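User: Please take one part of this structure and go through it closely. I would like to know how that part is covered, what it touches and how it relates to the rest of the chain.

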Amino acid sequence: QIFMTICKANKLNCINSVRSFQSYNKKNKEPSHFPINLHLTVNGHKLIARLVADFIGSLNLMLSENNS
């Protein structure tokens, strides 16, 4: 809650990934991060990539064909 409140107050586009990681780790044997240092595993990186892609897709950005 606090995280998203700070993001909204500062007009930042933020992704709160806590629930996604909790859900992933309940369903899968391979962890999303290494317990000893919390660095992401390959699967954790894939999960974050999917969350970011979904978030960007939800923004409905109009991209011009002339932008290269």
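Analyst: Asn25 has a relative accessible area of 26% and is therefore partly exposed, since that class runs from the 20% limit for buried residues to the 50% limit for exposed ones. The model is a predicted one. Asn25 belongs to helix H2, which spans residues 18-27. Leaving aside residues up to four places away in sequence, Asn25 is in contact with Glu30, Pro31, Ser32 and His33. The C-alpha atoms of Asn25 and Gly44 are 9.6 Å apart, although 19 residues separate the two in sequence. Gly44 is one of the buried residues of H3, and H2 is among the elements that cover the buried residues of that helix. That makes H3 the part to look at closely.

H3 runs over residues 42-58 and contains 17 residues. From the first C-alpha to the last, H3 reaches 24 Å, close to the 24 Å expected at 1.5 Å a residue. Four of its residues are buried: Asn43, Gly44, Leu47 and Leu51. Why do these residues lie on the same side of H3? They take up an arc of only 105 degrees around the axis, which places them on the same side. The spacing along the sequence can be read against helix geometry: with 3.6 residues a turn, an α-helix points residues three or four places apart the same way. Val42 and Lys46 are on the other side of H3, where both are exposed.

The loop between H1 and H2 also bears on H3. Helix H1 covers residues 2-9, and Ser17 is found in the loop that joins H1 to H2. Ser17 is buried because its relative accessible area is 18%, which is under the 20% limit. Not counting residues up to four places away in sequence, Ser17 touches Ile48 and Leu51. Of these two contacts, Leu51 has already been named among the buried residues of H3. Lys11 lies in the same loop as Ser17, between H1 and H2. Lys11 counts as exposed because its relative accessibility is 78%, and its phi is near 55 degrees, a positive value in a residue other than glycine.

On the N-terminal side of H3 is the loop that follows H2. Phe34 lies in this loop between H2 and H3. With a relative accessibility of 44%, Phe34 counts as partly exposed. Its contacts, again without residues up to four places away in sequence, are His39, Leu40 and Thr41. Phe34 and Gly44 are 10 residues apart in sequence, and their C-alpha atoms are 9.4 Å apart in space. Gly44 thus appears in two of the distances given here, once with Asn25 and once with Phe34. Leu38 is another residue of the loop between H2 and H3. Leu38 is exposed because its relative accessible area is 58%, and its phi, near 65 degrees, is a positive value in a residue other than glycine.

Past the end of H3, Leu59 is found in the segment after the helix. A relative accessible area of 36% makes Leu59 partly exposed. Just after H3, Asn60 takes a positive phi of about 55 degrees. Leu59 also takes part in a nonpolar surface patch of about 390 Å², together with Ile15, Val52, Ile56 and Leu61. Val52 and Ile56 fall within the 42-58 range of H3.

As for the whole chain, the secondary structure comes to three helices and zero strands, in the order α-α-α along the sequence. Of its 68 residues, 16% count as buried. The exposed area of the chain is about 6,200 Å², with 58% of it supplied by carbon and sulfur atoms. Among contacts between residues at least 6 apart in sequence, 28% join residues at least 24 apart.

Notes: Residues numbered from 1 in each chain as written. Predicted model: local features only at pLDDT ≥ 70, side-chain atom pairs only at ≥ 80, totals over all residues. Heavy atoms only, no water. Expected span 1.5 Å × (residues − 1). Buried < 20%, exposed > 50% of the residue type's maximum accessible area, 1.4 Å probe, protein only. Arc of directions from axis to C-beta. Contact = heavy atoms within 4.5 Å. Areas by Shrake-Rupley, 256 points an atom, 1.4 Å probe, with all protein chains shown as cover. Patch = residues over 30% accessible without salt bridge, like charges linked within 9 Å, V, L, I, M, F, W, Y side chains within 5 Å. Salt bridge = Lys/Arg side-chain N within 4 Å of Asp/Glu carboxyl O.
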